[in-house]
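Let's work through a few short exercises on this model. Grab your viewer and follow along.

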Amino acid sequence: MRRFSADYIYTLDGAAIENGIVVTDDNGKILAVTDEKALLDPNIERFEGIIVPGFVNTHCHLELSHLHKKITKGKGLIPFVKEVISKRGEKEEVVIEAMKKADEEMLNNGIVAVGDISNKTISAEIKNSSKIKYHTFLEMLAFDSSKSSEAIENAVNLKQAFKTPTSITPHAPYSLSKELLKDLAKYCKRGDNKISIHNQENDEENNLYRYKEGPFMDFFKDLKIDTDRFKAQSKNSIQTMIPFLPDNQNILLVHNTYTSLKDIYFTKRFNRKLHWCFCPNSNLYIENRFPTFEFFKYTNYPITLGTDSLASNQKLCILTEMKLIQKNFEDVSFEELLKWATINGAKFLGFQNELGSIVNGKTPGLNLITNIKYGRLTEKSAVRKLI
Ligand SMILES: [Zn+2]
């Protein structure tokens, strides 16, 4: 049994407890959370700072870990994707070694669960033996509608290599068709299949959907992707996509860098289980721009956080993402940010019975955050994994 105490315990289940104590068994299961000051107990491990549940990273690509510091910054999404395509081929052992390091890095940064996008099965073994809980999204790319059933079949086949939870998901509006979404909705009738889509990561995606023109058309030409069956929609990508998404699955819209207020209001006309995911360090790296954070308060969809991959981030650390948001979006309170970083992601991934809050019976992991000032994160704030 272990007892942890800090200036405040943020349980994410009620108000923060000043000088609280968390009692766990040897496996990290929460046995009690109390505000009694058992100060005479010599077995209490006492820390300066605050204790919060383990973080949930809802958007990562372990498979791209070997591209750390290899992709040019600030060129925009299309050059980024082209560079990733040209550089992602590497010897298997190099890719595996980089993934192992990335998994360890996330664990050390207090991350207990990850929603990871995969195109292959190379990460299956690492996920199976990791201390982190993974959900793998097997990604489908098929802008040409005639390739839809093939893409679904491929993704379903990849699932078999994983012993940890998986689902199949479209990659992004610029790599899907209405047929793919319709086929996916049919597939989703069978049961649980969480969806995670890159959304409006650049404005060219909106141009493509509005007018069928712009750099994506050249990009498709380069990649010899047939665009004949695609028609201009006179509306943004998200507005085109939403009606075709299934209503019985959790759906994560990732990035949302160019999502307008009009888009946000549009989504409210549909009864979908939407969640927003922000990966601000990756947005800075690729597009040198943030989503307009204040727009998203006009929906009550849960917000989660992601690191994206090491191809577009210096490190895989949820606290670093929180610090960047707090610095650039003053309106958001630390308590709200913590929900984004923990319980919201746990619920999205279906891990909420074990993770996301410090509640008796759960095994959420405990993180110590230091250098909090006036209830907000500072430049110096750091995370230390306690369990
Ligand atoms: Zn991504």
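**Exercise 1.** Find which protein atoms act as donors to the zinc ion.

*Solution.* Start at the metal: His59 (NE2), His61 (NE2), His198 (NE2) and Asp308 (OD) lie 2.0 to 2.7 Å from the zinc ion. Donors here are N, O and S atoms within 2.8 Å of the metal (3.2 Å for Na, K and Ca), and since water is not among the atoms, sites may look incomplete. Next, the spacing along the chain reads H-x1-H-x136-H-x109-D. Histidine 59 sits in strand β8 (residues 55-60) and histidine 198 in strand β12 (residues 195-199), so the pair ties together parts 139 residues apart in sequence. Strands are DSSP runs (E, at least two residues), helices likewise (H or I, at least four), numbered from the N terminus. Finally, histidine 59 and histidine 198 are both buried (under 20% relative accessible area; exposed is over 50%, partly exposed in between; 1.4 Å probe, protein chains only).

**Exercise 2.** Place leucine 223 and classify its accessibility.

*Solution.* First, leucine 223 belongs to the loop between α7 (215-222) and α8 (237-241). Then check its cover: at 39% relative accessibility, leucine 223 counts as partly exposed.

**Exercise 3.** Work out how far to trust the model.

*Solution.* This is a predicted model, where local features need pLDDT of at least 70, side-chain atom pairs count only at pLDDT 80 or more, and totals for chains, interfaces and linings use all residues. Residues are numbered from 1 along each chain as its sequence is written, and side-chain values use heavy atoms, leaving out hydrogens and water. The protein chain averages a pLDDT (the predictor's confidence in each residue, from 0 to 100) of 96, and 99% of the residues score at least 70.
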